[in-house]
Amino acid sequence: MSDERPQIYDQNLMHHSQNPHNKGELPNPDLQGSAKNPNCGDKIKLGLNIKDGSIRDIKFDGYGCVLCIGSASILTQLARGLSVGDAKELTLDDIEANMNESGKKREECMAVGLNALKQALSEES
Amino acid sequence: MLDVNSVRDDFPALKNQDLIYLDNAATSMTPEPVTRELINYYHELGTSVYRGIYKRAEETTNKFEYTRRKTADFIGAESSREIVFTKNCTESLNILAYSLHHWKDRNGKILVTEMDHHSNILPWRIMAESSNRFQLEYVRVNREGQLDMEDLEAKLSSNSVALAFPAISNVIGAYNPVKKLTDLAHENGALAVVDGAQWLPHRQFNVRDYNVDFLAFSAHKMLGPTGLGILYGKEELLEQMPPPFGGGEMVRSNTKTEVTWNEVPQKFEAGTPPIAQIIAFSKTLSYLNKLGMSSIRKHVNKLTAKALRELEKIPGLKIFGPGKGEERGGLVSFNLEGVHPHDLAAALDSLDDIAIRAGLHCAQPLHEAMKLNATSRASFYVYNDEAEIDRLVDAIKEAKNVLGGEK
Ligand SMILES: Cc1ncc(COP(=O)(O)O)c(C=O)c1O
Ligand SMILES: [Zn+2]
């Protein structure tokens, strides 16, 4: 093994996964969504409070790898304050824009939080 | 004793490579005599089987049927008529379920186990959900991952059509008592269907000693080519079973008013088969026989025992499956506290080019039964050695520092 530690994941993502933002459960969510990665059992549950057509509060909980939890944490930061319409437009690229270093990226893992958000918003026009 | 260094030289994909390949339960590497035979077919034969009146086609057919005889010998089948070539283990099991579906005088319960791979659950599930003649039931697995024999005996009854189970679990490596399960099935008039995908690579399987009705396995997990599976079936059963697929090769005569199926096993082999793979598979069997199945088993057991011994010493690492001293297949599944299996696998790859598997291993019911979210799995084969296990252990410790550190 070399002395130089190879980078496994992007540093910012690692940080988010170790100190996730908006983690937990909203007491009275207006909308809820959940999603799974069927290959590995990663799962995210997500709750939203909507006021005047915008995301007032958002929290997620779940079990998953660094990519799954880190991406969900970044996602909740991006989504908070957005209008429902804008939040529906969020993509993996928006999450990746917050990752500056190269590292492993498994889309199925990174998309779990996003899929949960999409599900929660799907009822909302 | 296997000489790993000389074995490794036979595997072009591993030769002079840093890769530590520990995902053998998913698929194995292919030795040169096998790949050479694949090429030989395309370069020197290239014809189809059966139909030709010319010498070249006859030669292809002879080689093709030679593999069938060799496969029959390898598993102790009575005749090569009991060997059906398929696409993979999964297709073998689907063919079986599909054929049973059309076998009108068989109705009742299909028992599978919670430790089965999806490929030995879903064909039966599809069959049961598309006909009210069948009901699917799961034999329970306890928290340690052993088959609950009481539950099995309670569920097996005179209206059971089949008991399908894995010879070895692909997740936890547990061996099932094949003969005992087969006898139990037969006492209740049920067919014994064995998924041998994880057994055949390491250990002699004799279909007559175990008296199984059907055995399914894949060539690619036992140093063979991809695209080839085997379905063994007792001849008298295959004779009675309706063909699941129609097409060329499986039919003797087909007029608008009458149809006569071909004999077994061709009745089950509709269309042009994977000729190159089948011909090359005879070289796989020669290679395995040259190494010796008992040497292979000893070698893999030795590596597995060392892995268990060393992994157990890592703080926070929990190993699943059979207890100490109990027999297990050539694999170890484990979890490292505070580190997700995906992250562990990613770290081992980045840190020291070590390939392991992480996730649910196509066995969701088992993970549910054992209350597990996901697991990591290292699996061993003929070209692995003890030094690789030392590197695995070092890399896991390192991964723990890199990933679990900051919390
Ligand atoms: C126990 C078991 N059964 C069946 C299969 C399916 O094998 P294949 O994908 O080659 O059909 C596997 C391999 O993944 C397995 O481990
Ligand atoms: Zn993941």
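Q: What makes the pair formed by a nitrogen atom of ligand 1 and the side chain of B:D195 a polar contact?
A: Happy to explain! In this predicted model, that nitrogen atom is 2.5 Å from an N or O atom in the B:D195 side chain. A polar contact is a pair of N or O atoms within 3.5 Å, so the B:D195 pair qualifies.

Q: Which rules stand behind such values?
A: In this predicted model, local features need pLDDT of at least 70, side-chain atom pairs count only at pLDDT 80 or more, and totals for chains, interfaces and linings use all residues. Side-chain values use heavy atoms, without hydrogens and water.

Q: How do you know that B:S218 and B:C89 also make polar contacts with ligand 1?
A: A polar side-chain atom of B:S218 lies 2.6 Å from a ligand oxygen, and a backbone N or O atom of B:C89 lies 3.3 Å from an oxygen atom of ligand 1.

Q: What is the accessible area of ligand 1 on its own, and how much does the protein cover?
A: On its own, ligand 1 has 390 Å² (Shrake-Rupley method, 1.4 Å probe), and the protein covers 87% of that.

Q: Why is the set that includes B:I75 and B:F205 called a nonpolar core?
A: The name applies because its members are buried Ala, Val, Leu, Ile, Met, Phe, Trp, Tyr and Cys residues joined through side-chain atoms within 4.5 Å, where buried means under 20% relative accessible area. This largest core has 73 residues; helix α10 (residues 275–291) of chain B supplies nine, the largest share.

Q: Which residues are in the second, separate core?
A: Its 67 residues include A:A116, A:L121, B:A347 and B:A378.

Terms used
Residues are numbered from 1 along each chain as its sequence is written. Chains are lettered from A and ligands numbered from 1 in the order in which they are written. Buried means under 20% relative accessible area, exposed over 50%, partly exposed in between (1.4 Å probe, protein chains only). Helices (H or I, at least four residues) and strands (E, at least two) are DSSP runs, numbered from the N terminus. A polar contact is a pair of N or O atoms within 3.5 Å; within protein, one must be able to donate a hydrogen and the other to accept it, and residues adjacent in sequence count only if both atoms are side-chain atoms.
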